[in-house]
Amino acid sequence: MCDGQSRPVRLHLTAGQVSDFKGADVLLADPPDGTEEIIGDGGHDSNRIRLSLAERNITACIPAKKNRKSKPP
């Protein structure tokens with residue numbers, strides 16, 4: 001996880017075969033104070049992640065996977 005100036009603020013290592021979702025759960029459990037947006041890649045596109053961020057008034061800037069049936073805004 002990086003701050004608004006691309007400086008690392010948190011790191012969580014997982015095994016190579018572990019899903020991005022498990023790593024995201026750890027990193028997004030307690031984002032730094034004042035976090036307004038989270039930028040991620042398509043590997044982090046899940047309803048669970050989006051809902052978790054929305055509940056904390058954090059905007060998810062994550063592109064939808066190509067095979068997603070209902071694309072979020």
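R68 is buried, and D45 is buried as well, which makes this pair a convenient place to enter the structure, a predicted model. The side chains of R68 and D45 meet in a salt bridge, with N and O atoms 2.9 Å apart. The two partners belong to distant parts of the chain, for R68 sits in the segment after strand 2 (59-61), while D45 sits in the loop between strand 1 (37-39) and helix 2, and their positions lie 23 residues apart in sequence. The pair does not stand alone, since salt bridges that share partners join D45, R50 and R68 into one network.

Across the whole model there are four salt bridges. In general terms, side chains of opposite charge can pair when their charged atoms come close. Another of these bridges is formed by the side chains of R48 and D25, where the N to O distance is 3.1 Å. Because R48 lies in helix 2 and D25 lies in helix 1, this pair ties together parts of the chain that are 23 residues apart in sequence. As for their surroundings, R48 is exposed, with a relative accessible area of 51%, whereas D25 counts as partly exposed at 37%. A further salt bridge joins R7 to D3, and here the closest N and O atoms are 2.8 Å apart. R7 is partly exposed, with a relative accessible area of 46%, and D3 also counts as partly exposed, at 24% relative accessibility.

The bridge between R48 and D25 leads on to the two helices that carry these residues. Two packed helices are described by the angle between their axes and the distance between the axes. In this model the axes of helix 1 and helix 2 come within 11 Å and cross at roughly 10°. An angle under 35 degrees counts as roughly parallel, and helix 1 and helix 2 are therefore roughly parallel to each other. On the side of helix 1, the residues that take part in the contact are F21, A24, D25 and L28, and they meet R48, I49 and L53 of helix 2. Sorted by character, the residues of this contact divide into five nonpolar, no polar and two charged.

From this contact between the helices one can turn to the interior. In soluble globular proteins, nonpolar side chains tend to be buried together. The largest nonpolar core of the model has seven residues in all, namely A24, L28, I38, I49, L53, I58 and I62. Helix 1 (20-28) and helix 2 (47-55) each supply at least two residues of this core. L28 gives a useful view of the surroundings of one core residue, because a contact is defined as heavy atoms within 4.5 Å, and, leaving aside residues up to four places away in sequence, L28 touches M1, I38, I49, L53 and R56.

Other residues lie at the surface, and several of them belong to the segment before helix 1. L13 is found in this segment and counts as exposed, at 72% relative accessibility. The C-alpha atoms of L13 and E55 are separated by 26 Å, the two residues being 42 residues apart along the chain. L11 also has its place in the segment before helix 1, and at 71% relative accessibility L11 counts as exposed. Between the C-alpha atoms of L11 and I58, which are 47 residues apart along the chain, the separation is 20 Å. N47, by contrast, has its place in helix 2, where it is exposed with a relative accessible area of 54%. From N47 to Q17 the distance is 21 Å, C-alpha to C-alpha, and the two residues are 30 residues apart in sequence.

Two further residues deserve a look for their backbone angles. S6 has a positive phi of about 65° although it is not a glycine. This residue, S6, is found in the segment before helix 1 and is exposed, with a relative accessible area of 59%. N57, which is likewise a residue other than glycine, has a positive phi near 55°. N57 is found in the loop between helix 2 and strand 2, and with a relative accessible area of 68% it is exposed.

Terms used. Residues are numbered from 1 along each chain as its sequence is written. This is a predicted model: local features need pLDDT of at least 70, side-chain atom pairs count only at pLDDT 80 or more; totals for chains, interfaces and linings use all residues. Side-chain values use heavy atoms; hydrogens and water are left out. A nonpolar core is a set of buried Ala, Val, Leu, Ile, Met, Phe, Trp, Tyr and Cys residues joined through side-chain atoms within 4.5 Å. Buried means under 20% relative accessible area, exposed over 50%, partly exposed in between (1.4 Å probe, protein chains only). Helices (H or I, at least four residues) and strands (E, at least two) are DSSP runs, numbered from the N terminus. Axes are lines fitted to C-alpha atoms, for helices over the stretch in contact, and angles run from 0 to 180 degrees between N-to-C directions. Angles under 35 degrees count as roughly parallel, over 145 as roughly antiparallel, 65 to 115 as roughly perpendicular and the rest as oblique. Ala, Val, Leu, Ile, Met, Phe, Trp, Tyr, Cys and Pro count as nonpolar, Asp, Glu, Lys and Arg as charged, and the others, Gly among them, as polar.
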